Amino acid sequence: MAEAIQFQDGETYESMMGVWSALVGAPFLDWLDVPAGANWVDIGCGNGASTELIVERAQPALVEGIDPSEAQLAYARKRHQAGVAKFTLGSALELPYPDGAFDAAIMALVIFFVPEPARGTVEMRRVVRGGGVVAAYAWDLEGGGFPYEDVHVALSEAGVEALLPPHPEVARLDALDRLWTDAGLVDVETREITASRTFPSFDAYWSTATSAPGIGQVLPKLSADQLEQVRNTVRASRGSGEWMARGRVHAVRGRVPN
């Protein structure tokens, strides 16, 4: 069985990916344009980065966050101060909510981790009322849109592959469109969202990038020489001074028929 990416540290996740969740999540939520006072569910909420963004930007009545990692949820509960979000341990494939319970459901950087993406999409639709919004976004992994893609490439050149989610292919625009359409959603639309982030130095970038579980979990497989090769390859791919990282997600939205 292939090694799976593990998310067990909410604080480390915040620096490594939570910042990106805000950078791409803000235009994503603006695109959804869900009215204030709505009931949301954030599926695969992780450490609560996307949940907090919903609270800050969408003025929800409530947000239910659900995730399979208790360690991530502990961080989410600790950071939440507004009192409108609740966090539950659970699976995207068996959401513990009644039919039509929400006005909007999202998966932020999650759909390619769901063991059965089509089933997960149908579950999202189930818990959203008629006329409500179902949406997701995910890194364009196959197209090189992951923010730390240069580290992935350098690892591959050193003979070691970074770990990927089980279904990177579902992040393609055509695949997301098909998932949403097959789930019976209507008015389906897709789009790209790009974001950039500046790091003060190579070392700052390297430390953050290698804290990503898909990278960090394979580093122990490298010899000292291989690790140095990877570092040097990544460093040589840029100039000196500040380091700019860029990411690209593919997003999809659809409406539950009335």
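Tutor: Let's fix one term: contact means heavy atoms within 4.5 Å. We are looking at a predicted model, where local features need pLDDT of at least 70 and side-chain atom pairs count only at pLDDT 80 or more, while totals for chains, interfaces and linings use all residues. Residues are numbered from 1 along each chain as its sequence is written, and side-chain values use heavy atoms, leaving out hydrogens and water.

Student: How many helices and strands does the protein chain have?

Tutor: Helices (H or I, at least four residues) and strands (E, at least two) are DSSP runs, numbered from the N terminus. For the protein chain, they come to nine helices and seven strands.

Student: What is the radius of gyration of the protein chain?

Tutor: The globule rule (2.2 Å times the number of residues to the power 0.38, with the radius taken over C-alpha atoms) gives 18 Å for 258 residues. The computed value is close to that, so the protein chain is as compact as a globular protein of that length, with a radius of gyration of 18 Å.

Student: Which are the edge strands of the open sheet?

Tutor: Two strands pair if DSSP finds at least two bridges between them. The seven strands run in the order E3-E2-E1-E4-E5-E7-E6, with mixed pairing. Those that pair on one side only are E3 (85-89) and E6 (186-199).

Student: By how much are neighbouring strands of this sheet turned against each other on average?

Tutor: Axes are lines fitted to C-alpha atoms, for helices over the stretch in contact, and angles run from 0 to 180 degrees between N-to-C directions. For this average, direction is ignored, and the result is 20°.

Student: What angle does helix H4 make with E5?

Tutor: Helix H4 (residues 117-126) packs on the sheet, where it touches E1, E4 (102-108) and E5 (128-139). Its direction and that of E5 make about 145°.

Student: And at what angle does helix H6 run to E7?

Tutor: Helix H6 (residues 173-182) lies across E5, E6 and E7 (243-255). Relative to E7, helix H6 runs at about 25°.

Student: Is glutamine 59 buried or exposed?

Tutor: Glutamine 59 lies in the loop between helix H2 (49-58) and E2, with a positive phi of about 50° although it is not a glycine. Buried means under 20% relative accessible area, exposed over 50%, partly exposed in between (1.4 Å probe, protein chains only). At 55%, glutamine 59 is exposed.

Student: What relative accessible area does leucine 109 have?

Tutor: Leucine 109 sits in the loop between E4 and H4, and its phi is also positive, near 60°. Leucine 109 is buried, with a relative accessible area of 6%.
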